[in-house]
Amino acid sequence: MQSHINIKDTNLKRYYSADIAVVGAGHAGIEAALAAARLGLNTVLFTLNLDAVGNMPCNPSIGGTGKGQLVFELDALGGEMARVADIVTLQSRTLNQSKGPAVHSKRVQADRDMYKKIIKSVLENQPNLLLVQAEITELVTEPTSDGRHRVVGLRTRFGAEWSVRAVIICTGTFMESRIFVGDTVFPSGPDGMLPAIGFSDSLKAAGISLMRFKTGTPPRIHADTVDLERLEIQYGERYITPFSTLTDEKELNSREQIPCRIVYTNEKTHRIIRDNLHRSPLYSGVIEGVGPRYCPSIEDKVVRFADKERHQLFVEPMGRDTKEIYLQGFSSSLPEDVQIEMLHSLEGFENARMTRSAYAIEYDCVDPTQLYPTLEFKQIENLYGAGQFNGTSGYEEAAVQGLVAGINAARKLKGRQQIVLTRESSYIGMLIDDLVTKGTNEPYRVMTSRSEFRLLLRQDNAYDRLAAIGREVGLLSEERYKAYLERAELVEKERKRFETTTIKPSPELNELLVSLGGNPLTNPVKLADLLRRPSIDSQLLAPFDPTRGELHPALRRKAEIELKYEGYIKRQIAEAERMKKLAEKKLPRDFDYSVIEGLSLEARQKLNKIKPADIGQASRISGVSPADIGILLVWFNIK
């Protein structure tokens with residue numbers, strides 16, 4: 001059987017049809033399918049198993065450093081993950097609170113079974129959307145007049161043929177996936193699911209270049225076999241700010257949070273690992289795929305950080321109605337008997353019983369430099385990629401890519417301009433720009449440190465940056481957009497109040513200021529001047545603030561951040577404007593850069609591979625120097 005079918009050379013019978021087909025019902029596929037269906041396109045969502053839709057095969061959590069910002073941005077654009085994450089929250093924490101607001105990131109521990117149940121119900125009840133259990137094995141295209149190809153269909157393992165106008169590939173870690181536990185290696189998807197076999201060959205035959213990546217997951221343990229009382233306890237935050245504006249804050253905060261706990265590896269743990277490294281497929285050369293640098297296995301951490309006496313592990317619940325707990329930071333591909341020995345070396349885990357072994361998984365994904373910033377393939381029209389298929393890691397990175405791909409596939413089929421989110425507009429834009437411009441040689445993870453605009457891209461101002469786009473696209477309702485505008489007006493009023501309110505000196509106020517390391521007041525000052533001082537916030541000044549009124553704490557905090565960091569924000573805005581101007585200097589889509597004399601050989605090769613949309617994107621390509629950019633400006637007569 002052919003793995004890639006040219007429609008001109010076959011006489012296929014079409015049994016089914018849809019406007020858009022989404023392959024894979026993980027977090028990318030869910031957002032892609034919902035976006036396409038909600039924008040009026042007849043959509044089919046394929047999954048290998050209907051009982052695993054929205055599964056969290058690794059850590060059952062949503063958010064985290066940089067990732068929390070993605071979830072807030074997704075909500076501002078009208079995506080689904082944020083709302084459901086709030087519903088299934090077991091515990092919420094805002095990370096990096098000891099640092100500045102640019103890196104504050106919300107993270108929740110989620111009830112994974114509840115998440116799957118809710119998200120599947122959302123999909124089943126969504127108009128224009130059909131959820132189908134089927135394995136896609138073949139991509140069907142036809143040639144176009146410009147030498148490319150265009151998607152026209154898909155074929156399933158059982159031979160069913162679907163006529164479609166666009167396809168979004170969201171296969172996660174399933175394509176040609178293999179599981180590794182010691183010297184045991186076998187074809188499998190994550191969490192004991194079946195792998196997707198054959199679709200990789202079809203994509204390769206279509207001219208798509210694939211890579212081989214690897215990730216892993218820790219063991220799961222029965223909570224009753226762990227002495228949790230001996231472990232350091234970690235509570236959630238006292239008041240939860242929801243991810244989504246659709247969430248009822250009072251109801252969210254009425255729920256009891258489940259505490260997490262912390263345990264540490266020790267010298268015995270490390271000795272067990274070192275003594276058994278020869279049994280690890282990671283070090284024996286059996287694993288070919290590249291693993292994530294920022295989420296290494298425990299054996300990798302012990303080797304790479306040999307001077308560290310211990311590593312922190314987080315003991316986290318997987319749901320309210322299950323005894324399974326998750327040991328974050330303890331992923332491994334060592335044999336099961338070694339895993340048990342390692343586990344029993346931890347304090348409180350001496351009698352622990354594993355319910356699921358840790359494992360490593362290797363899978364096929366795409367080189368994302370083959371995609372436009374719209375996430376459409378350059379050589380195959382109406383074919384899009386999203387999620388771990390694009391070389392990323394994490395549920396949040398997957399979800400936002402799926403949302404963008406779903407929006408753009410729908411807009412293209414409706415004859416509308418596709419959206420491109422920029423680096424200065426969002427972490428979503430940064431993520432996609434990094435992927436399609438620089439590519440990745442390991443599973444890519446969003447972090448605040450990757451963004452040069454992180455003070456502009458705070459989680460508290462996601463709606464300021466993206467709500468207008470969500471409304472224009474059609475996924476953010478008029479009601480939600482108006483509510484955002486009302487909140488924005490309140491923030492601006494509070495900011496102006498800070499600037500106009502006068503605070504008079506008093507013994508009590510001066511005592512507070514001196515206790516915080518500041519100078520006492522000798523004359524009246526504006527409230528804004530006091531708030532600009534380090535260690536001072538509006539809550540501390542509440543007893544001395546004569547015009548303070550009722551306002552949601554998050555709105556007051558946002559006004560305060562914008563005031564306190566005004567100088568830094570203005571500088572980043574100026575840099576963002578410079579990048580926007582570079583993005584306005586467009587380049588031809590299919591130009592052959594090898595004809596431009598003066599460009600370095602590396603620049604010609606990289607420019608021909610990436611096909612940058614504008615001078616801004618060209619300047620971010622590794623190997624393209626400022627001198628090369630100058631030559632491009634002259635060649636294309638760009639002012």
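These are my notebook entries on what I looked up in this predicted model.

**Entry 1: the strands β2, β3, β7 and β10**

I began with strand β2, residues 16–23, and asked how many of its residues are buried. I found that 6 of the 8 are, so β2 is largely enclosed by the rest of the structure. I then looked up its partners: β2 runs parallel to strand β10, residues 161–169, and 7 bridges join the two, while strand β3, residues 43–47, pairs with β2 in the parallel sense over 4 bridges. For individual positions I noted that alanine 18 stands opposite valine 164 in β10, that isoleucine 20 stands opposite threonine 43 in β3, and that alanine 21 stands opposite valine 44 in β3.

Next I followed the chain from β2 to β3, which it reaches through helix α1, residues 27–38, and I recorded that this β-α-β crossover is right-handed.

For β3 I asked how many of its residues are buried. The count is 5 of the 5, so I wrote β3 down as largely enclosed by the rest of the structure. In a regular strand the side chains alternate between the two faces of the sheet. With that in mind I checked both sides of β3 and found them covered, with Thr43, Leu45 and Thr47 buried on one side and Val44 and Phe46 buried on the other. I also noted that β3 runs parallel to strand β7, residues 129–133, with 5 bridges between them, and that phenylalanine 46 has valine 132 in β7 as its bridge partner.

**Entry 2: the open sheet from β14 to β19**

I then turned to an open sheet of 6 strands, whose order I wrote as β15-β16-β17-β18-β14-β19, with antiparallel pairing. Which strands stand at its edges? They are β15, residues 232–234, and β19, residues 354–356; each has a single partner strand, so one side of each is left without a neighbour in the sheet. I recorded an average twist of 35° from one strand to the next.

At the β19 end I looked up the pairing with strand β14, residues 220–222, and found it antiparallel over 2 bridges; in this pairing arginine 220 has arginine 356 of β19 as its bridge partner. I also noted helix α10, residues 336–344, which lies across β14, β18 and β19 and runs at about 135° to β19.

**Entry 3: cavities**

I asked how many cavities of 30 Å³ or more the structure holds, and the count is 3. For the largest cavity I noted a volume of about 60 Å³. Its lining consists of 12 residues, and those nearest its centre are Lys214, Thr215, Gly216, Ser297 and Ser331. I then checked which strands contribute to this lining: β13, residues 210–217, and β20, residues 359–366, each supply at least two residues, and the largest share, 3 residues, comes from β13.

**Entry 4: helix α2 and glycine 78**

For helix α2, residues 67–77, I looked up the burial and found the helix mostly covered, with 11 of its 11 residues buried. I noted that the buried set includes charged-type names beside hydrocarbon ones, among them Lys67, Glu73 and Asp75 as well as Leu70, Val71 and Leu77. After α2 comes glycine 78, and its phi is positive, near 100°.

**Entry 5: isoleucine 119**

I placed isoleucine 119 in helix α4, residues 112–124. Is isoleucine 119 buried or exposed? I have it as buried, with a relative accessible area of 0%. Leaving aside neighbours within four places in sequence, I listed its contacts as Ile30, Val53, Gly54, Glu80 and Val84. I also looked up its separation from glycine 78, and the two are 41 residues apart in sequence and 15 Å apart in space, C-alpha to C-alpha.

**Entry 6: arginine 556**

My last look was at arginine 556, which lies in helix α17, residues 553–564. Its relative accessible area is 6%, and since buried means under 20%, I recorded arginine 556 as buried. Which residues does it contact, leaving aside its neighbours within four places in sequence? I wrote down Glu494, Phe498, Ser538, Arg548, Gly549, Glu550 and Leu551.

Conventions. Residues are numbered from 1 along each chain as its sequence is written. This is a predicted model: local features need pLDDT of at least 70, side-chain atom pairs count only at pLDDT 80 or more; totals for chains, interfaces and linings use all residues. Side-chain values use heavy atoms; hydrogens and water are left out. Two strands pair if DSSP finds at least two bridges between them. Axes are lines fitted to C-alpha atoms, for helices over the stretch in contact, and angles run from 0 to 180 degrees between N-to-C directions. Contact means heavy atoms within 4.5 Å. Buried means under 20% relative accessible area, exposed over 50%, partly exposed in between (1.4 Å probe, protein chains only). A crossover is right-handed if, with the strands pointing away from the viewer, the path from the first strand over the helix to the second runs clockwise. On a 1 Å grid over the protein atoms alone, a cavity is a set of points where a 1.4 Å probe fits but cannot get out, and a pocket is an open set with protein on both sides within 12 Å along at least five of seven lines; lining residues have an atom within 4 Å of a point. Grid points are joined across faces, edges and corners, and a volume is the space filled by probe spheres set on the points.
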